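This briefing looks at how the strands of a predicted model pair with one another. Please keep the sequence and the structure in view while reading the points below.

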Amino acid sequence: MERRWMIRIMVVLMLLLQGCSMPAPPIDLIQAPEAYDAEPSEDQLRQALPDGSRILLPLSQEGSSGITFGDVDGDQAEEAIVVFEDGTMNNSLRAALLKKIDNEWKIVWETNGSGHGLDFTQFEDVNQDGVPDLVLGWVLGGGEKGLDVYAWKNNTLELLQKKGYRDHPKD
């Protein structure tokens, strides 16, 4: 009989020590997503763009913020390329090269985009002069894509090559 009481006391103690309670309702478990903590320079870059513009994310570069950094003019300081919709009625695609001048990002070159989306952006030495060139891949539609290659000459970017591609521009 004493053994039964001991077992009962142990069960009660175990329940008390476990903190047995009703599970929280699902609504209490839902939390707001963590805010994306952008680099301060990315916030500054966004502010340098025209009001109402929206940065495009490249389709072929998962995890990209839509801002690509590289030294396209050979001055040992990184520039940034940003492709965006300009926020006008027809949401034209634009590509802009931004450079940090007096601790502030400023647009130093801008061009119209092609098609209706961005496939990728990268800095790569296409013309093999030792300085990275700007390579932009555009989504044109119907599975077609367009490639624009720009090189830094005479303090601006000049179009070197324009061609179409389907899967990958190097194919």
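Strands β1 (residues 54-55) and β3 run antiparallel and are joined by 2 bridges, with Ile55 standing opposite Phe84 of β3. The points below follow β3 to its other partners and then turn to an open sheet of 4 strands.

**Partners of β3**
- Strand β2 (residues 67-70) pairs with β3 in the antiparallel sense over 4 bridges, and in this pairing Gly70 is found opposite Glu79 of β3.
- Strand β4 (residues 93-101) also pairs with β3 in the antiparallel sense, here over 6 bridges, and Leu93 of β4 stands opposite Glu85.

**Burial of β3**
- Strand β3 (residues 79-85) is mostly covered, since 7 of its 7 residues are buried, a term that stands for under 20% relative accessible area.
- In a regular strand, side chains alternate between the two faces of the sheet.
- In β3, Glu79, Ile81, Val83 and Glu85 point one way while Ala80, Val82 and Phe84 point the other way, and all of these residues are buried.

**The open sheet**
- The 4 strands of the open sheet are arranged in the order β6-β7-β8-β9, and their pairing is antiparallel.
- Because β6 (117-124) and β9 (156-165) stand at the edges with a single partner strand each, one side of each is left without a neighbour in the sheet.
- Neighbouring strands of this sheet are turned against each other by 20° on average, with direction ignored.
- Strand β8 (residues 144-153) runs antiparallel to β9 and is joined to it by 9 bridges, and Lys153 has Thr156 in β9 as its bridge partner.

Definitions and conventions. Residues numbered from 1 in each chain as written. Predicted model: local features only at pLDDT ≥ 70, side-chain atom pairs only at ≥ 80, totals over all residues. Heavy atoms only, no water. Buried < 20%, exposed > 50% of the residue type's maximum accessible area, 1.4 Å probe, protein only. Pairing = 2+ DSSP bridges. Axes fitted to C-alpha atoms, helices over the stretch in contact; angles between N-to-C directions.
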